[in-house]
Amino acid sequence: MNKTRDRARKALATIRIVNGAAALFAPRLVAKILGVDPDTSPAVLYVLRMFGVRTLVIGMELLVSEGDHLEDALRVGI
């Protein structure tokens with residue numbers, strides 16, 4: 001893998017991990033940033049946590065995968 005592609009993969013992984021962690025651990029803050037009032041729409045907290053976990057897993061796969069699994073992770077990650 002060339003340097004540019006590797007840097008792009010790591011940048012995407014970092015973005016996914018940060019966004020996923022924010023959605024998982026601070027869903028009220030993320031909801032407010034997105035313009036949703038979590039008090040009137042409490043279901044948004046569940047949705048943010050659910051997708052936060054998914055986004056974290058995808059980000060971690062982008063960082064730790066190798067070989068064929070890395071190619072699969074890149075397809076999913078993008």
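These legends go with close-up views of helix packing in a predicted model.

**View 1. Helices α1 and α3 run against each other.**
The axes of α1 and α3 come within 7 Å and cross at roughly 155°. Angles over 145 degrees count as roughly antiparallel, and α1 and α3 are therefore roughly antiparallel to each other. Their crossing is left-handed. On the α1 side, the contact takes in R9, K10, L12, A13, R16, I17, G20, A21, A23 and L24. On the α3 side, it takes in L48, R49, G52, V53, T55, L56, I58, G59, M60, L62 and L63. Sort these by class and you get 13 nonpolar, four polar and four charged residues.

**View 2. Zooming in on A23 in helix α1**.
Is A23 buried or exposed? With a relative accessible area of 8%, A23 is buried, since the cut-off for that label is under 20%. Skip its neighbours within four places in sequence, and the contacts of A23 are V30, L48, R49 and G52. Of these, L48, R49 and G52 also appear on the α3 side of the contact between α1 and α3. For a distance to check on screen, try A23 and F51: they sit 28 residues apart along the chain, with 7.5 Å between their C-alpha atoms.

**View 3. Zooming in on T55 in helix α3**.
T55 comes out at 13% relative accessibility, so it counts as buried. Which residues does T55 touch once neighbours within four places in sequence are set aside? They are R16 and G20, and both R16 and G20 belong to the α1 side of the contact with α3.

**View 4. Helix α4 (residues 67-77) meets helix α3 (residues 43-64)**.
Here the two axes come within 9 Å and cross at roughly 140°. As with α1 and α3, the crossing of α3 and α4 is left-handed. From α3, the residues involved are I58, E61 and L62. From α4, they are H69, L70, A73, L74, V76 and G77. That contact divides into six nonpolar, two polar and one charged residue. I58 and L62 do double duty, as they turn up both in this contact and in the one between α1 and α3.

**View 5. The two sides of helix α4.**
Which residues of α4 are buried? They are L70, A73, L74 and G77. Looking down the axis of α4, these buried residues fall within an arc of 105°, so they line one face of the helix. The spacing fits the usual helix arithmetic: an α-helix has 3.6 residues a turn, so residues three or four places apart point the same way. What covers the buried residues of α4 includes α1 (3-25) and α3. Over on the other side of α4, D68 and R75 are exposed.

G67 also lies in helix α4. G67 is partly exposed, with a relative accessible area of 48%, a label that applies because the value is in between the 20% and 50% cut-offs. From G67 to R7 it's 17 Å, C-alpha to C-alpha, and the pair are 60 residues apart in sequence.

**View 6. Helix α1 crosses helix α4 at a slant.**
α1 and α4 pack at an angle of about 55°, with their axes 11 Å apart. That makes α1 oblique to α4. This crossing is left-handed too. R5, R9, L12 and R16 are the α1 residues in the contact, and L70, E71, L74, V76 and G77 are their partners in α4. The tally by class is four nonpolar, one polar and four charged. Look out for R9, L12 and R16, which take part in this contact as well as in the one between α1 and α3.

**View 7. Zooming in on L12 in helix α1**.
L12 is partly exposed, with a relative accessible area of 24%. Leaving out residues up to four places away in sequence, L12 touches L62, G77 and I78. L62 is part of α3 and G77 is part of α4, so to speak a partner from each helix for L12. L12 and L62 are 50 residues apart in sequence, yet 8.0 Å apart in space, C-alpha to C-alpha.

Note on methods
Residues numbered from 1 in each chain as written. Predicted model: local features only at pLDDT ≥ 70, side-chain atom pairs only at ≥ 80, totals over all residues. Heavy atoms only, no water. Axes fitted to C-alpha atoms, helices over the stretch in contact; angles between N-to-C directions. Helix = DSSP H or I, 4+ residues; strand = E, 2+ residues; numbered from the N terminus. Left-handed = near helix turned anticlockwise from the far one by under 90°. Contact = heavy atoms within 4.5 Å. Nonpolar A, V, L, I, M, F, W, Y, C, P; charged D, E, K, R; others polar. Buried < 20%, exposed > 50% of the residue type's maximum accessible area, 1.4 Å probe, protein only. Arc of directions from axis to C-beta. Parallel < 35°, antiparallel > 145°, perpendicular 65-115°, else oblique.
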